[in-house]
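Welcome to this short briefing on a protein structure. Take a moment to turn the model around before reading on.

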Amino acid sequence: MSPALRIKWCILRTSIAERLAYRGDFAFATLVRFLPIVTQVFLWGAIYKATGPSDTTVINSYTYGDMVAYSLLVMVGRAFSSMPGLTTGIARDIRDGTIKKFLIQPIDMLDYLFWHRVAHKLVYYVIAFVPFALVFWLCRHYFRSWPDNVTLIGWGLSLVLAFMIGFLIESLMGLVAFWFLEVSSLVFVYMLASYFLSGHMLPLDWLPSPACDIIRLLPFKYLAFVPAAVLLNKYDHQQLLVELCLGFGWVIVLYLLNRLALARGLRRYSAYGG
């Protein structure tokens, strides 16, 4: 194994051990995140009943079952794309000077943070697998049909995109702290915008043109809408390929922006604090 791979493996193994140090707390926090889906099911049930019989009413090509299925799949996508504490953690390290450890050790900061987040997601899904399986089994009648193999592969790739784009966006916001030490306001604005632009609040295909066309060119849709839309068969195979290619294009753009921000930021960094 090359030295670079040994470093990555060491980071991954150490981060997994760190996450498992407080297993009870981590498991409880993971299980609590499933409670909002109950609210979503009842909320959409009330909305559809208010407009007509909930089993026959169609709103913007979505039945009540489609909306419940969409909400469940959005929860999966957001579980991959959410990066709690990443932006504020980078900003804190820059502000108090602990970022110096990445300057004096043979470890790339972005590489370390990436594998640290991979470890977090691995532990999260090991713990959350049974609750996820139970919820999807209980709600299985809301899904119309089992997707084909190409769609399943596309869905898996869309979840990888959700993770990578979520990581790169939030790490880029954290690197802004080289110029503005306090980024909490930026994080708040991002969370509000992401909730809408990612399709977490409403499916993006409910939005009218040209707003929908513009939003679909942005990377935020990969955080929630695209993984859900893929498994709901909203894309044919050709459209799926185009969406995945556009998503990987955004990964490249965001990665280059992260590298540029890190390089420019370190030039002006004065290593105060810590």
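Is Lys221 buried or exposed? With a relative accessibility of 1%, Lys221 counts as buried, because the limit for that word is under 20%. Please keep in mind that this is a predicted model. The points below begin with the whole chain and then move on to single residues.

**The whole protein**

- The protein has 12 helices and two strands.
- Reading from the N terminus, you meet the elements in the order α-α-α-β-β-α-α-α-α-α-α-α-α-α.
- A compact globule of 274 residues would have a radius of gyration near 19 Å, and the 20 Å of this protein agrees with that.
- Along the principal axes, the C-alpha atoms fill a box of roughly 65 × 45 × 35 Å.
- Among the 274 residues, 43% count as buried.
- Of the contacts with a separation of 6 or more, 80% are between residues 24 or more positions apart.

**Surface and charge**

- The accessible surface comes to about 14600 Å², and 70% of it belongs to carbon and sulfur atoms.
- The protein carries 23 positive and 15 negative charges, and the mean positions of the two groups are 7 Å apart.

**Three salt bridges**

- The count of salt bridges in the protein comes to three.
- One of them joins the side chains of Arg144 and Asp66, with N and O 2.6 Å apart. Arg144 sits in the loop between helix H7 (109-138) and helix H8 (149-175), while Asp66 belongs to helix H4 (residues 64-81), so this pair links distant parts of the chain, 78 residues apart.
- The two partners differ in their cover: Arg144 counts as exposed at 64% relative accessibility, whereas Asp66 is buried at 6%.
- Another salt bridge is formed by the side chains of Arg259 and Asp108, at 2.8 Å from N to O. Because Arg259 lies in helix H12 (residues 237-268) and Asp108 in the loop between helix H6 (101-104) and H7, the pair ties together parts that are 151 residues apart in sequence.
- Arg259 counts as partly exposed at 27% relative accessibility, and Asp108 also counts as partly exposed, at 28%.
- Lys221, from the opening question, forms a salt bridge with Glu243, and their closest N and O atoms are 2.6 Å apart. Glu243 is in helix H12 and Lys221 in the loop between helix H10 (211-215) and helix H11 (225-231), so the pair ties together parts that are 22 residues apart in sequence.
- Glu243 counts as buried at 12% relative accessibility, and Lys221 counts as buried at 1%.

**Inside the helices**

- Helix H4 also holds Ser71, which is buried with a relative accessible area of 11%. Which residues does Ser71 touch, leaving aside its neighbours within four places in sequence? Ser71 is in contact with Ile37, Gln40 and Trp44.
- In helix H5 (residues 86-96), the buried residues include Leu86, Gly89, Ile90 and Ile94. The cover over the buried residues of H5 includes H7, H8 and helix H9 (184-197).
- Gly97, just after H5, takes a positive phi of about 90°.
- Arg117 is found in helix H7, and at 7% relative accessibility Arg117 counts as buried.
- Leaving aside neighbours within four places in sequence, the contacts of Arg117 are Met83, Pro84, Gly85, Leu86, Phe163 and Phe167. Leu86 appears here again, as one of the buried residues of H5.
- From C-alpha to C-alpha, Arg117 and Gly154 are 22 Å apart in space, and they are 37 residues apart in sequence.

**Backbone details in the loops**

- Where can you find a cis peptide bond? The bond from Ser209 to Pro210 is cis, with omega near 0°, and Pro210 belongs to the loop between H9 and H10.
- Asn233 has a positive phi of about 60°, although Asn233 is not a glycine.
- Asn233 lies in the loop between H11 and H12, where this residue is partly exposed with a relative accessible area of 38%.

Note on methods. Residues are numbered from 1 along each chain as its sequence is written. Side-chain values use heavy atoms; hydrogens and water are left out. Helices (H or I, at least four residues) and strands (E, at least two) are DSSP runs, numbered from the N terminus. The radius of gyration is taken over C-alpha atoms; the globule rule is 2.2 Å times the number of residues to the power 0.38. Buried means under 20% relative accessible area, exposed over 50%, partly exposed in between (1.4 Å probe, protein chains only). Contact means heavy atoms within 4.5 Å. Accessible areas come from the Shrake-Rupley method with a 1.4 Å probe; for residues, only the protein chains shown count as cover. Lys and Arg count as positive and Asp and Glu as negative; His and the chain ends are not counted. The place of a charge is taken as NZ of Lys, CZ of Arg, CG of Asp or CD of Glu. A salt bridge is a side-chain nitrogen of Lys or Arg within 4 Å of a carboxyl oxygen of Asp or Glu.
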